[in-house]
Every structure is written in structure tokens, then in C-alpha cells.
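Trainee: Please take me through one part of this chain at close range. I would like the charged side chains and what surrounds them.

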Amino acid sequence: MRCQGASLRDVDMSGAALHGADFTDCDLRGSDVSALNPGDCTITGAIVTSNQAIVIAQALGLDVRAE
């Protein structure tokens, strides 16, 4: 799936097959990114909210904590 530069706001991608998807420079704000595996997708320059950034960081295996 090639979505470079697209606006995918408020999209439910929770059940989508996203392996190899390219979300370069996409606006993903408000979308469910829980199925997105940053190791299998390209997300360079994607616009996300802080909550989505936490979901993506956790998918990378990070332990996200409040200061």
C-alpha cells in the first residue's frame, strides 16, 4: 500500500494488513494506528498526535513513562 502524502485522518486501521505500507508524509491524526508495525512500514515524516506517538513507540518495544 503506497499512501505517500495522503490524508488518512480518523481512519480505523485496527484490522488492516499494513505490512510494507508506505505512510511517508501522511497525516494520520485521529486514526487507529494500533496495527501499525513501524518495523514493517515506512512512516517517515508522518503527522501523528502525541497519543499515537506513544502507541508507535510501544510497538517499537519502548517503555514509555510520564516524567
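Mentor: Start with Arg9 and Asp27, which form a salt bridge with their closest N and O atoms 3.9 Å apart. This is a predicted model. The 3.9 Å separation passes because the cut-off for a salt bridge is 4 Å. The pair links distant parts of the chain, with the two positions 18 residues apart. Both Arg9 and Asp27 sit in the segment before α1, the helix that spans 50–59.

Now look at burial. Asp27 has a relative accessible area of 10%, so Asp27 is buried. Arg9 has 41% relative accessibility and therefore counts as partly exposed.

Asp27 has a second partner. Asp27 also forms a salt bridge with Arg29, and here the closest N and O atoms are 2.5 Å apart. Arg29 has a relative accessible area of 30%, so Arg29 is partly exposed.

A further salt bridge joins Arg65 and Asp63, at 2.7 Å from N to O. Arg65 counts as exposed because its relative accessibility is 66%. Asp63, at 55%, counts as exposed too. Turn back to the shared partners: salt bridges join Arg9, Asp27 and Arg29 into one network. The count of salt bridges comes to 3.

Next, Thr24. Thr24 also lies in the segment before α1. Its side chain makes a polar contact with the side chain of Asp22, at 2.5 Å. Set aside the neighbours within four places in sequence. Thr24 is then in contact with Cys3, Gln4 and Gly5, and also with Thr42 and Thr44.

Follow the contact to Cys3. Beyond its own neighbours within four places in sequence, Cys3 is in contact with Thr24 and Asp22, the two residues of that polar contact. Cys3 is also in contact with Leu8, Phe23 and Cys26.

That leads to the nonpolar core. Cys3, Leu8, Phe23 and Cys26 are among the 12 residues of the largest nonpolar core. Other members include Met13, Leu18, Ala21 and Leu28. Val33, Leu36, Cys41 and Ile56 belong to this core as well. In soluble globular proteins, nonpolar side chains tend to be buried together.

Put the pieces side by side. Asp27 is a buried acid, and it bridges to Arg9 and to Arg29. Cys26 and Leu28, listed in the largest nonpolar core, carry the numbers on either side of Asp27. Thr24 reaches this core through its contact with Cys3.

Technical notes: Residues are numbered from 1 along each chain as its sequence is written. This is a predicted model: local features need pLDDT of at least 70, side-chain atom pairs count only at pLDDT 80 or more; totals for chains, interfaces and linings use all residues. Side-chain values use heavy atoms; hydrogens and water are left out. A salt bridge is a side-chain nitrogen of Lys or Arg within 4 Å of a carboxyl oxygen of Asp or Glu. Helices (H or I, at least four residues) and strands (E, at least two) are DSSP runs, numbered from the N terminus. Buried means under 20% relative accessible area, exposed over 50%, partly exposed in between (1.4 Å probe, protein chains only). A polar contact is a pair of N or O atoms within 3.5 Å; within protein, one must be able to donate a hydrogen and the other to accept it, and residues adjacent in sequence count only if both atoms are side-chain atoms. Contact means heavy atoms within 4.5 Å. A nonpolar core is a set of buried Ala, Val, Leu, Ile, Met, Phe, Trp, Tyr and Cys residues joined through side-chain atoms within 4.5 Å.
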